[in-house]
Amino acid sequence: MTANKVRAEIITHSPEETVAFGRTLRDELAPPKMVLLHGDLGAGKTTLVKGIADAFQAAPEDEVTSPTFSLVHEYRGPQVSVYHIDLYRIDTERELDTVGLEDLYGDPRNLLLIEWGEKFA
């Protein structure tokens, strides 16, 4: 995988504003992309994913939930599949390998949105 590292900090002031901002990212997040979402617990990472998934017609915002326990939620749109991945409960590289990130990233229709990705190099 090659990476173009872009780091940005965005501040929103409500869940509605965060969802709306997520929708504006559609053109910038055209697949294939892997995006690491960084922020403390409750920072709004899943709320942002709600707007992104909705923008790609992969899932309505009320169907997007945190994948903390399932690790991966897949939302299939007509042109893009959005994978919402949460690595909070993953502690080792071996556990990370079981998620199959490289396989998911290998499909040019896939957008990977990863919470807690900063835990791994």
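## A tour from the α2–β2 loop to the cores

Start at glutamine 57, in the loop between α2 and β2 (72-76). This is a predicted model. Check the backbone there: phi of glutamine 57 is near 55°, a positive value in a residue other than glycine. Most residues other than glycine have a negative phi, and most peptide bonds are trans. Glutamine 57 is exposed, at a relative accessible area of 57%; the cut-off for exposed is over 50%.

Step back into the helix. Glutamine 57 follows α2. Is α2 enclosed or open? Of its 11 residues, 8 are buried, so the rest of the structure largely encloses α2. Select Lys45, Thr46, Leu48, Val49, Gly51, Ile52, Ala53 and Ala55: these are the buried ones. In an α-helix there are 3.6 residues a turn, so residues three or four places apart point the same way. Now show the partners. The buried residues of α2 pack against α1 (15-24), β1 (33-37), β3 (81-86) and β4.

Next, the largest nonpolar core. It has 16 residues, and Ile52, Phe56, Val82, Leu111 and Leu113 touch the most other members. Two elements, α2 (45-55) and β4 (110-115), give two or more residues each to this core. The largest share, 4 residues, comes from α2.

Pick leucine 113. Which residues does it contact, leaving aside neighbours within four places in sequence? Val35, Leu37, Val49, Ile52, Val82, Tyr83, His84 and Ile85. A second, separate core of 13 residues is the next selection; Leu71, Tyr83, Leu96 and Phe120 are among its members.

Move to asparagine 110, in strand β4. Asparagine 110 counts as buried because its relative accessibility is 4%, and the cut-off is under 20%. Look for its side chain: one of its polar atoms lies 2.7 Å from the backbone oxygen of leucine 104. Setting aside neighbours within four places in sequence, asparagine 110 contacts Pro31, Pro32, Lys33, Ser81, Tyr83 and Leu104. Draw a C-alpha distance to tyrosine 75: the two residues are 35 apart along the chain, and the separation is 9.9 Å.

Follow the contact to proline 32, in the loop between α1 and β1. What joins proline 31 and proline 32? A cis peptide bond, with omega about 0°.

Last stop: tryptophan 116, in the segment after β4. Its phi is near 65°, a positive value in a residue other than glycine. Tryptophan 116 is buried, with a relative accessible area of 14%.

Technical notes: Residues numbered from 1 in each chain as written. Predicted model: local features only at pLDDT ≥ 70, side-chain atom pairs only at ≥ 80, totals over all residues. Heavy atoms only, no water. Core = buried A, V, L, I, M, F, W, Y, C linked by side-chain atoms within 4.5 Å. Buried < 20%, exposed > 50% of the residue type's maximum accessible area, 1.4 Å probe, protein only. Contact = heavy atoms within 4.5 Å. Polar contact = N/O pair within 3.5 Å; in protein donor to acceptor, adjacent residues only side chain to side chain.
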